[in-house]
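Visitor: Please show me the sequence and the structure. I would then like to ask about strands, cores and aromatic rings.

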Amino acid sequence: MESENNSKYLLFEDNFSNTINRNDLRIIADQIYKTLELGNSLDEFIEDRNIRKYFEKHYSYSPIEREKFEVPYEELGIKKRYFNSDKNKWGFKCGNCSKLINIDEQDFYYTIIPSYLFNAESERSCSKECTKVIAKDIVKNWLNTQNKIEYFYTDDLEDKIIAQIEDD
C-alpha cells in the first residue's frame, strides 16, 4: 500500500484473502516480538524442526522408538559372493583384518557397496565378523559426520547389520 506522502507499507491478508485490520496486526506483531525474544532457543527449535522435516521425507521412523528414525541398513549393499573357479585366479586384502583372500583360502567373500547416501567407499571382507565391523564403521561415520546420531535409533545397530549379511 502507498500512502499520501508516497511512503510504502505492507498489507497482510488472512487465509481468505481478507486484509487484516490494525488490531489483529497488533496481536500478531506482539506475538512475533515475544517469539523473537526467545533468543538461541528459537533458532535451535527451528533447526531441529527443519532437520526432522527433512528426515521425515527421506527416512522411516523407527518402529521401536517412534521419535527417532531408522538407519537405512539396506543401503549398505552387503552381499556374499563366490570366487569363480572358471575365471582367472585373483585375490584381495580384507578391508578389516588385511588377510589375503583368494580361492585357495576360501570359496566366498563379502562385498559392502554402500549407496551414495553413506558417502563411503566399497569394501571387500573375508568373513561375517569383518563385514560387520566395516559396515558398523560406515554407519557410525555417516551418523557422526552429519551430526545425525541423536535423530536415529541405533540401539540395535549390530543386530540390524548382522541381519543384512547374507548367509547362503
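Visitor: How many of the residues of S5 are buried?
Guide: This is a predicted model, in which local features need pLDDT of at least 70 and side-chain atom pairs count only at pLDDT 80 or more, while totals for chains, interfaces and linings use all residues. Residues are numbered from 1 along each chain as its sequence is written, and side-chain values use heavy atoms, with hydrogens and water left out. Buried means under 20% relative accessible area, exposed over 50%, and partly exposed in between (1.4 Å probe, protein chains only). S5 is mostly covered, and the number of its 5 residues that are buried is 4.

Visitor: In what order do the strands of the open sheet lie?
Guide: Strands (E, at least two residues) and helices (H or I, at least four) are DSSP runs numbered from the N terminus, and two strands pair if DSSP finds at least two bridges between them. S2 (78-82) and S6 (123-125) are the edge strands, each pairing on one side only. S2 and S5 (residues 108-112) pair over 5 bridges in the antiparallel sense, and S5 and S6 do so over 3 bridges. The order is S2-S5-S6.

Visitor: Which residue is the bridge partner of Thr111 in S6?
Guide: On the S2 side, Tyr82 has Phe108 of S5 as its bridge partner, and Ile78 has Ile112. In S6, the bridge partner of Thr111 is Arg124.

Visitor: Which ring has Arg124 over its face?
Guide: A charge sits over a ring if NZ of Lys or CZ of Arg is within 6 Å of the ring centre and within 35 degrees of the ring normal. The charged end of Lys80 is placed in this way over Phe108, 4.5 Å from the ring centre. Arg124 lies 5.7 Å from the ring centre of Phe92.

Visitor: Is the aromatic pair of Phe83 and Phe92 stacked or edge-to-face?
Guide: Rings of Phe, Tyr and Trp (its six-membered ring) pair if their centres lie within 6.5 Å; planes under 30 degrees apart count as stacked, over 60 as edge-to-face and the rest as tilted. By this rule there are 18 aromatic pairs. Tyr59 and Phe152 are an edge-to-face pair, with 5.1 Å between centres and 80° between the planes. For Phe83 and Phe92, the centres are 6.4 Å apart and the planes 25° apart, and the pair is stacked.

Visitor: Why does Phe83 count as buried?
Guide: Its partner Phe92 is buried, with a relative accessible area of 7%. Phe83 counts as buried because its relative accessibility is 9%.

Visitor: Which helix gives the most to the largest nonpolar core?
Guide: A nonpolar core is a set of buried Ala, Val, Leu, Ile, Met, Phe, Trp, Tyr and Cys residues joined through side-chain atoms within 4.5 Å. The largest has 21 residues, and Trp142 and Phe152 are among those with the most contacts inside it. S5, H3 (128-145) and H4 (157-164) each give two or more residues to this core. With 6 residues, the element that gives the most is H3.

Visitor: Which residues does Trp142 touch?
Guide: Contact means heavy atoms within 4.5 Å. Trp142 belongs to one aromatic cluster with residues including Tyr59, Phe118 and Phe152. Not counting residues up to four places away in sequence, Trp142 touches Tyr59, Val71, Pro72, Leu117, Phe118, Lys148 and Phe152.
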